[in-house]
Amino acid sequence: EADEDLYVGEIAFTDVHIGRVLDALPALGFEQDTAVVLLADHGEEFGEHGGILHRRTLHEEVIHIPMIVRVPGIEPRRVATPVSQIDVLPTALELFDLPVDPKLPGRSLLPMMRGSVTEDSRLLLAELREQRIKLMTVVSERWKLIHDVVGERSFLFDLRADPSEATDLAAAHPELVKSLLGDLHRLRAAARDLGAGQASPPEVEPTTEERDALKRMGYSGDEAAPDDD
């Protein structure tokens with residue numbers, strides 16, 4: 001309960017200060033030409049599927065995160081179709097009339113935000129790699145497959161009928177599991193191919209103060225290095 005209460009408090013604290021930023025925009029004269037994007041990197045779990053906080057599972061309480069985009073002139077709406085963090089960059093580029101590289105992963109969400117196109121579903125990919133944990137998931141508008149690479153086991157959930165992911169349907173739908181596994185490996189291969197064509201960013205060694213700050217936030221740097229399996 002204590003950890004969960006702290007988490008709720010963090011969200012409330014963040015909400016207050018986001019409100020302060022939004023309230024300041026009109027006073028500074030920036031309201032009509034400023035877009036605001038609020039995006040989380042992950043959620044937290046509190047025992048729903050046996051894990052605590054994050055970096056243990058890929059269930060919805062961890063990966064179903066808020067993405068809020070406030071753009072002058074665009075009416076607020078909720079989008080039911082799953083979207084991804086990789087959509088933020090192409091959305092921002094189109095919003096500011098900048099060229100969008102067709103090889104860029106993700107897609108602009110502006111047409112969907114404006115309601116000018118029918119929302120269409122697609123498959124989204126997420127991965128988790130720790131020292132003894134290696135999970136991959138592929139998510140559609142209805143179905144979600146979590147593949148445990150270490151345990152060589154897949155779990156299937158119907159997000160429409162079972163949004164809390166309480167019932168594993170993998171045994172009941174083996175053909176769907178096989179199909180989604182194929183989609184998962186195809187998406188990973190495409191991501192690797194895209195990454196192979198990009199220049200490696202320069203390595204930056206954090207200072208002692210930066211390491212201490214990261215450790216206080218729970219990022220101790222002990223994540224396992226990714227591989228190509």
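Me: How much surface does the protein chain expose, and what share do carbon and sulfur atoms supply?
Reply: About 15300 Å² is exposed by the protein chain, with carbon and sulfur atoms supplying 56% of that. Bear in mind that this is a predicted model.

Me: OK, and what percentage of the residues are buried?
Reply: Of the 229 residues in the protein chain, 26% are buried.

Me: Switching to the fold: how many helices and strands are there?
Reply: You get six helices and eight strands in the protein chain. Going along the sequence, they come in the pattern α-β-β-β-α-β-α-α-β-β-β-β-α-α.

Me: What does helix α1 look like in numbers?
Reply: Helix α1 covers residues 2–28, so by the 1.5 Å a residue rule its 27 residues should span 39 Å. From first C-alpha to last, α1 reaches 39 Å, close to that expectation.

Me: And what happens just after α1?
Reply: Gly29 comes in there with a positive phi of about 80°.

Me: New topic: how many aromatic pairs turn up in the whole structure?
Reply: The search finds one. The partners are Tyr7 and Phe46, in a tilted arrangement with 5.4 Å centre to centre and 50° between the planes.

Me: Which parts does that pair tie together?
Reply: Tyr7 sits in helix α1 and Phe46 in strand β2 (residues 45–46), so the pair links parts that are 39 residues apart in sequence.

Me: Why does Tyr7 count as partly exposed?
Reply: Because its relative accessibility is 24%, and partly exposed runs between the 20% and 50% cut-offs.

Me: Last one: what share of contacts with a separation of 6 or more involves residues 24 or more positions apart?
Reply: That's 51% for the protein chain.

Methods: Residues are numbered from 1 along each chain as its sequence is written. This is a predicted model: local features need pLDDT of at least 70, side-chain atom pairs count only at pLDDT 80 or more; totals for chains, interfaces and linings use all residues. Side-chain values use heavy atoms; hydrogens and water are left out. Helices (H or I, at least four residues) and strands (E, at least two) are DSSP runs, numbered from the N terminus. Buried means under 20% relative accessible area, exposed over 50%, partly exposed in between (1.4 Å probe, protein chains only). Contact means heavy atoms within 4.5 Å. Accessible areas come from the Shrake-Rupley method with a 1.4 Å probe; for residues, only the protein chains shown count as cover. Rings of Phe, Tyr and Trp (its six-membered ring) pair if their centres lie within 6.5 Å; planes under 30 degrees apart count as stacked, over 60 as edge-to-face and the rest as tilted.
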